[in-house]
Structures are given as C-alpha cells and as structure tokens.
Amino acid sequence: MHSTPSTSPSANGTAAAWIDAHDWAATPLGPRDTWPPALRHALDLILASPQAMCVAWGDALILIPNDAFTPLLGRDPGAVLGRPLQVALPGVWPTLNGPVDDARAGRPQRFKDVPILLERHEGPAQTWWSFSLSRLSDDTGHAAGVMCIAQETTEHVEALRALRESEQRLDALVRSSSEVRFLISADWQRLHELKGGDFIPDTGANNDNWLNDYIPPDGQDAVRAEIERAIRTQSTYAIEHPVRRVDGRVGWAQVRAVPLIDNDGVITAWLGAASDITDRKEAEAAQRDSEARLRDLNATLEDQVAERTRKLRLYSDVVEASTSLICIFDATRRYVAFNPAYADACLQWVGAVPEVGQPVPDGFPADQAAPLHDAMTRTLAGESFSMAMELGLAAHTQRSYELLFTPLRDESDAVIGGFYFGHDVTDRIRSQIELESTHTALRQAQKLEAVGQLTGGVAHDFNNLLTVIKSSSDLLKRPDLPADRRARFIDAISETVDRASRLTGQLLAFSRRQALKPTVFSACDSVRSLADMLETLAGGRIRVIVELSDTPCHVFVDPNQFDTALVNMAVNARDAIEGNGQIVIRVAPCNAIPAVRLHTRLAGQFVAVSIADTGSGIAADSLDTIFEPFYTTKEVGKGTGLGLSQVFGFAKQSGGEIIATSREGEGATFTLYLPRVAAEAQADAGRVAPALTEALADGHDTRVLVVEDNAEVGTSCITALVELGYRPTLSTRAEDALALLQDRPDDFDVVFSDVLMPGMNGIELAKLIRARHPFLPVLLTSGYSAVLAQHGSYGFDLLQKPYAIEQLSQALANAVRSTPQRL
C-alpha cells in the first residue's frame with residue numbers, strides 16, 4: 001500500500017525519494033497503488049536510466065522526472081512533482097506545446113540545441129538542450145501520455161562557438177608568428193610542408209624519412225609514442241624533443257599540433273608550430289646541476305628521520321594516562337608509542353606486548369594484518385576515518401573494536417605518521433544481537449498468536465455453519481418427511497451458505513484481498529442516501545443526526561464496500577448504546593490523518609467519515625485490538641467480531657485509515673479516512689457488472705463451455721446447467737478449452753470459466769478468447785483470486801462463488817445478450 005513520509009526528502013535526495021514522498025492521492029493520478037501497469041513500467045524505466053527523462057501522464061500531462069532531469073526544473077522536484085508539464089517547465093512549454101500533441105498522436109518529435117535559461121547555484125545560466133518526445137500508451141493501447149528524453153548540449157554548443165573563435169585566432173596567430181608552421185597528413189607518414197627556422201634543412205614535401213633526418217635516435221621513441229597517443233585520443237600533440245640543427249649541433253624544439261576534424265569526426269590533417277627552445281633547455285640543465293650541488297650540502301636522510309622520530313615521541317606522554325587503546329606509528333608503519341591499555345590489549349590479542357620500532361601488524365593473523373596495513377596507508381595519505389573489526393587470535397580473547405585513525409603532522413603540515421584510538425564494542429554488539437534476537441522471537445510469537453486466534457475464530461464460526469448444514473441434510477434423508485419441513489431444512493441450508501459466503505467476504509476484506517471496483521462518487525451523497533436505512537437500523541430509541549459538509553467530498557473507492565463499512569460502523573455504534581442514545585454521522589474534508597498505531601501523521605487531502613455514539617465507550621487497553629478479526633465484547637451468538645475488521649481492511653486497501661477514540665462511559669467515535677479526489681477525476685474503475693436480465697427459458701439449448709478444474713464443482717455446474725436447459729461441455733484445463741475453441745469455434749455460445757486454476761488462469765484464458773474470438777462472451781467465476789484482488793476482472797463479467805443456480809442462469813443470459821453478434 002502506498003504511504004507518504006511525514007517529511008520531505010533533503011535537497012540532495014534522489015528523484016525516487018521525492019516520488020515516494022509525494023502525496024499522489026491529491027493529484028489526478030491518484031494513489032500509486034492504483035496506477036496502471038503502463039505508468040508503473042514507464043516510471044521504473046526512467047528511474048533506472050542515467051539519461052535525463054520524464055513522464056507526462058494523462059490529459060493534464062502530470063510530470064514525473066528522474067534524477068538526471070531535475071536540472072531542467074530549476075528547483076527541487078518536490079515543488080513541481082505531480083503538476084502539469086506546462087506549469088513545471090514554463091520556459092520550455094511554448095516550444096513543446098505543439099510537438100507534445102504530435103507525439104501523443106503517434107508522431108515522435110525531436111529538437112536539437114534548444115536555448116533554455118536555467119537557475120544554477122551561481123545564478124542564471126544560458127544552457128542548450130536537445131529533446132525527443134514519444135507517445136506512452138495505456139494498457140489498452142490508447143495514448144495516455146508522453147515520454148521526454150532530454151540531453152544537455154551546452155558544452156557542445158559552446159565548444160562549437162569556441163572552435164570557430166579559436167580557428168580565427170589560430171589563423172591570425174599563424175599568419176603573424178615567426179615560428180615554424182607545418183601541415184601534416186592525418187597518418188603522420190608524409191611531411192607536406194616544413195619550412196622556415198634553423199632546425200632542419202628544407203628536405204622537400206615528399207621525403208618519407210623526415211623523422212630520421214629531423215630527430216636524433218635517442219628522441220625518436222618518445223616522438224613516435226606521442227604521435228600514437230595524439231592520433232588515438234584525437235587530442236593536441238605536444239612534446240619537447242631533441243632536433244638536428246643545420247649547423248650540425250643537437251638542439252631542442254617545442255612542438256604543438258592540433259587535429260583538423262571533418263564533419264564525420266575523422267582527422268584529416270594536423271596543423272602545428274615548432275619553436276627553438278635550445279637556450280631554455282641549456283639554462284634548465286645548468287640550474288639542475290646547481291640544485292644537485294646544493295642538495296649535497298643538506299643534512300643526511302638519517303638526520304631527517306631522527307628529527308621526525310623525536311617529534312613523534314613527544315606525543316607519547318599525552319597518551320600514557322588514557323584508558324582508550326592508543327597507538328602511534330611513523331611513516332614506515334612502525335610503533336613509535338602506545339599506552340598501557342593498548343599493551344594489555346595486545347597481550348590478550350596475540351599473547352605478547354609489542355616493542356617500539358616493531359612493524360604494527362606483526363603478530364596479528366593475516367586476515368587482521370591486511371586491513372590494519374591498508375588503514376595505516378590511508379592515514380599516511382592524510383585521511384581520517386573509523387572502522388570496525390575483530391582483533392585477536394582464536395587461541396586468545398577475540399573481541400570487536402571500533403578504531404579511529406588520524407594522521408599525525410609536523411609544523412609544516414606534512415604527514416609524519418599517524419595514530420589510532422580503539423574502543424571495545426564487543427558487549428554493545430552482543431547486546432544488540434541479543435535484543436534483535438529477542439525482538440525476532442517476540443514477533444514470531446505474536447504472529448503465531450494472531451494465526452491461532454484467527455484460525456480458532458474461523459473454525460468456530462465455520463463449524464457452527466457446518467453443523468446447521470449437516471443436521472439439515474441428515475434430516476432431509478428421513479423418509480416420509482412432510483413438504484413444509486423439507487422446505488424449512490432446504491431454506492436453512494441455503495441461508496447458512498449465504499452466511500458462510502458473507503463470513504469469507506469479511507475475512508477477505510480484513511486481509512485486504514477482496515476484489516474492489518472503485519469509482520468516483522460523493523461521500524456526502526452516499527451517506528445521505530443511506531440515512532433512512534441507518535435510522536431504521538438504529539431503532540426508535542436512538543436518534544440519528546447526519547452532518548454533511550458543504551465542501552465537495554469526492555472519493556475514489558468501491559461504493560458497495562463503502563456502504564458496507566458505514567453500516568458496520570453504525571451497527572457497532574447502535575450495539576454500544578444501551579437504551580436511549582444518539583448517533584452522529586459526520587462527513588467533512590481534512591488535510592491529514594492523525595498519528596495512529598505504528599504510523600506517523602500523514603499529510604494530504606482526505607475525506608473523514610465519522611460515527612460518534614453516546615454508548616458505554618471502549619476501555620483504553622482494548623483500542624488496539626478492536627479491529628482484530630473475531631474480537632467482540634458481545635455475548636455468544638450476537639456477533640461474529642468481523643464488522644470492524646471489514647472496515648479496517650476496506651480502509652487499508654483503499655489507501656486510507658480507520659481510527660477509534662473513546663472514554664469509558666462517554667461513548668466512542670470511529671473515523672474512516674479516505675483519499676479525497678476531484679469530482680471530475682477519471683479513473684479506470686473496472687467494468688461494473690451490468691444489471692442482470694431474466695434467465696433464458698428452459699430448452700433454449702444455449703451451448704456453454706465450462707472451464708473448472710475442481711471435479712465436484714464442475715459436475716455440480718454441469719448438472720445445474722442441464723436442468724436449466726443449457727447444453728454444457730466441461731473442460732478441466734484452460735489449455736484444453738483453447739484447443740476445443742480452436743477446433744470447434746462455432747460450437748459454443750458462451751464460456752463460463754473459473755479464475756483460480758493451475759497453469760493458465762481464467763483471466764489469461766479470457767484475454768486470449770477476447771483476442772482470438774471477439775464475438776464469444778466470457779463469464780468468470782471465483783471465490784477468491786489474488787489477481788482479482790490486485791487488478792480487478794479486466795473488464796469481464798464476474799460471478800462470485802458461492803452462487804445460486806438462478807444467479808448462474810441470469811449471468812449467462814446477460815453475457816450472451818450483452819455481447820455484439822457477428823454479422
């Protein structure tokens with residue numbers, strides 16, 4: 001079930017977090033658990049993509065972006081999430097308006113380098129974007145929205161501009177420069193032009209051995225490597241290398257060349273320039289010689305190490321008195337100092353006390369020494385961090401520790417070592433494990449207790465029902481039974497079956513597994529239409545007051561289940577009043593569901609339907625159990641304890657909540673919260689079963705293909721249909737039924753199929769029949785199906801089990817008469 005946290009994600013949260021946190025019930029899309037599969041699949045696609053993408057769904061084009069798309073919004077996703085596309089992207093909408101309509105009509109659209117002014121952290125910035133728009137279809141194949149794929153092309157546009165400017169500057173530079181200018185073919189195998197300067201003789205444009213003539217052998221490998229790199233990466237060729245001068249000496253040249261690339265991205269040539277840097281190179285060589293002589297005058301490396309070690313030892317006095325484990329190590333990962341607590345711990349870990357100068361990981365097992373070595377490496381690189389690990393040999397005491405590593409720096413801020421603090425967290429971890437184990441055991445016990453209570457309640461009520469059926473059926477076997485008594489026993493069996501059906505329906509409602517048929521209607525209108533019946537239900541000594549809001553209070557729920565929940569709440573209020581009293585029924589809009597049970601306060605648009613009574617009230621310790629199935633305070637035989645359970649299940653499955661407040665002796669108030677929607681909101685409420693017509697007359701010979709995997713139910717159905725004048729054929733598998741229809745497509749007038757079957761289920765069978773035999777009506781039947789509970793009947797007529805033979809005949813007649821006939 002969809003739920004919304006009480007707070008919004010942080011500014012740097014992901015788009016998925018914003019989407020989870022958004023109150024979709026307040027948008028035309030409705031709660032997320034009511035979204036069609038096509039929308040959910042599109043959402044999964046964009047959230048998994050690194051490409052900037054968004055979905056605009058429905059006639060209002062409600063926006064849902066992914067992470068990469070959020071820069072286009074210019075603000076947090078929460079400010080525009082669930083709003084129409086034209087509101088979320090006002091700067092782009094004039095460009096997208098017409099193309100969006102074309103895309104929804106099935107004509108994909110593409111735009112390149114569209115200028116958009118965006119708000120960045122540093123202020124307004126001009127950006128460029130490319131878009132592609134394509135149609136999104138719903139589960140029936142009709143246009144339901146648009147998917148937009150965007151890509152920022154700012155760098156590309158600015159790069160093109162910069163390239164044009166650089167080409168102009170390069171042209172001016174080349175024309176005004178005194179350096180050697182050259183143009184080389186893309187494969188660098190031929191030198192077309194290399195003139196001017198004093199580096200090499202003018203060997204002509206067709207000399208294939210220019211590399212050998214131009215560069216001494218000791219510099220050719222570096223030049224070849226740079227050429228290969230520049231060609232491979234299509235980047236600037238830049239190198240300093242020795243060259244042969246015309247006077248016979250070896251000098252130095254600084255060479256840079258840029259690739260010339262055609263429209264297909266292929267390098268056609270290289271344009272470059274070479275400069276004589278011989279004087280600079282000679283000066284740098286002289287400076288290096290001077291610096292080498294200066295370094296010889298510095299202190300030896302041993303003196304520097306000794307000085308740093310002395311500074312490290314200054315820290316040892318600081319850590320001596322600490323009860324935490326403290327270890328100081330130098331740049332070579334050797335012990336510089338450690339406190340007594342650390343020495344005692346090492347004695348427990350590895351059976352020995354370390355010595356100053358000894359490598360820190362010595363004595364630890366390999367699986368502990370390796371992470372310690374890596375941690376010290378990170379510390380010496382300047383990183384501070386913490387880690388948890390177990391220390392100690394198996395033969396000694398092995399415990400869990402939290403270690404905090406920090407680099408040690410000298411006066412110049414250079415890292416000269418590090419240290420780490422250790423805290424024994426073994427007892428804390430064990431306590432956490434024991435607590436979690438206790439919680440797990442408690443949860444398991446609670447589950448078993450709940451299952452036991454539910455099983456006991458179901459067994460008690462069904463055994464009572466079966467007792468009535470068994471005794472009545474045994475009495476029917478007695479010979480010479482008078483007709484009136486026979487009719488009374490038959491009526492008792494039929495009524496008991498109806499009670500059993502209602503009991504299973506209430507159980508499915510509590511477990512949120514009932515098949516709902518939601519639609520948009522006014523809660524005020526529904527309560528107003530039930531007012532007279534509720535007054536009759538309450539009785540003459542109880543006054544019923546109805547208070548309805550003037551504000552529209554439309555909800556998108558199953559109207560029949562809504563009425564049932566209202567009646568159950570009213571009956572509960574009536575039974576709580578002993579003698580005279582008052583029941584007040586109120587309907588009003590609200591902006592939040594209060595915190596209840598384990599749920600925090602939930603903000604959003606809701607309709608609150610409350611029923612308050614002046615009865616005896618509910619004890620405080622019972623408020624958390626009144627919605628459990630079979631919980632009742634009534635005497636035996638005066639209630640099943642499932643009325644409030646139905647209200648609870650209906651509220652949860654509809655995206656709402658039920659809350660009870662009470663004081664003993666002052667009455668109680670039950671408030672049903674349901675998501676509020678706009679009056680004009682449209683939703684796929686599923687196909688509402690048409691009104692039943694009269695059964696076909698006996699002898700009409702309607703041909704029925706019955707698909708039922710249960711042998712007893714199949715035989716009973718076939719017998720009933722024959723008695724009613726139908727011509728039934730039984731198939732125990734959906735696959736066999738399809739084969740029959742393939743071989744004998746004109747031998748059947750209607751298909752009557754169970755939903756829950758092994759292999760192919762009834763929904764899948766009905767979809768295939770609709771596709772292959774569009775003029776053949778299908779009637780489905782089920783006692784319970786998870787598919788029906790989650791997705792409805794997909795537009796097919798549904799007959800709930802158990803059913804009477806009159807209901808079966810009426811449903812078949814209606815299916816045949818409401819299906820268009822083949823011309």
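This report describes a predicted model of one chain, from its overall make-up to a few chosen parts.

## The chain as a whole

The chain has 823 residues, and 40% of them are buried. Its secondary structure comes to 22 helices and 27 strands.

Contacts can also be sorted by distance along the chain. Take those with a separation of 6 or more. Of these, 58% link residues 24 or more positions apart.

## A parallel sheet

One open sheet is built from 5 strands. Their order is E24-E23-E25-E26-E27, and the pairing is parallel. Strand E24 (727–731) and strand E27 (797–800) stand at the edges. Each has a single partner strand, so one side of each is left without a neighbour in the sheet. On average, neighbouring strands of this sheet are turned by 25° against each other, direction ignored.

Now look inside the sheet. Strand E23 covers residues 703–707, and strand E25 covers residues 750–754. The two pair in the parallel sense over 4 bridges. Leu-705 stands opposite Val-751 in E25.

## Helices on the sheet

Helix H18 (residues 711–723) lies across E23, E24 and E25. H18 runs at about 170° to E24. Helix H19 (residues 734–743) packs on the sheet as well, touching E23, E24 and E25. The direction of H19 makes about 150° with that of E23.

## H19 beside H20

H19 also has a helix partner, helix H20 (residues 762–772). The axes of the two come within 10 Å and cross at roughly 15°. Angles under 35 degrees count as roughly parallel, so H19 is roughly parallel to H20. H19 passes H20 in a right-handed crossing.

On the H19 side, the contact is made by Ala-734, Leu-738 and Leu-741. H20 brings Leu-765, Leu-768, Ile-769 and Arg-772. These residues divide into 6 nonpolar, no polar and 1 charged.

## H15 against H16

Another helix pair is formed by H15 (residues 523–538) and H16 (residues 559–576). They pack at an angle of about 40°, with their axes 10 Å apart. That angle makes H15 oblique to H16. The crossing of H15 and H16 is right-handed.

H15 contributes Ala-523, Ser-526, Val-527, Leu-530, Met-533, Leu-534, Leu-537 and Ala-538 to the contact. From H16 come Phe-562, Asp-563, Leu-566, Val-567, Ala-570, Val-571 and Arg-574. The residues of this contact divide into 12 nonpolar, 1 polar and 2 charged.

## Ala-538, a residue of H15

Ala-538 belongs to helix H15. Its relative accessible area is 10%. The cut-off for buried is under 20%, so Ala-538 is buried.

What does Ala-538 touch, not counting residues up to four places away in sequence? The partners are Val-544, Arg-574 and Ile-583. Ala-573 is 35 residues from Ala-538 along the chain, and the C-alpha atoms of the two are separated by 8.6 Å.

## Val-356, a loop residue

Val-356 lies in the loop between helix H11 (340–350) and helix H12 (366–380). Its relative accessibility is 45%. Partly exposed covers values between 20% and 50%, so Val-356 counts as partly exposed.

Val-356 and Phe-338 are 18 residues apart in sequence. In space they are 8.5 Å apart, C-alpha to C-alpha.

Notes. Residues numbered from 1 in each chain as written. Predicted model: local features only at pLDDT ≥ 70, side-chain atom pairs only at ≥ 80, totals over all residues. Heavy atoms only, no water. Axes fitted to C-alpha atoms, helices over the stretch in contact; angles between N-to-C directions. Parallel < 35°, antiparallel > 145°, perpendicular 65-115°, else oblique. Left-handed = near helix turned anticlockwise from the far one by under 90°. Contact = heavy atoms within 4.5 Å. Nonpolar A, V, L, I, M, F, W, Y, C, P; charged D, E, K, R; others polar. Buried < 20%, exposed > 50% of the residue type's maximum accessible area, 1.4 Å probe, protein only. Pairing = 2+ DSSP bridges.
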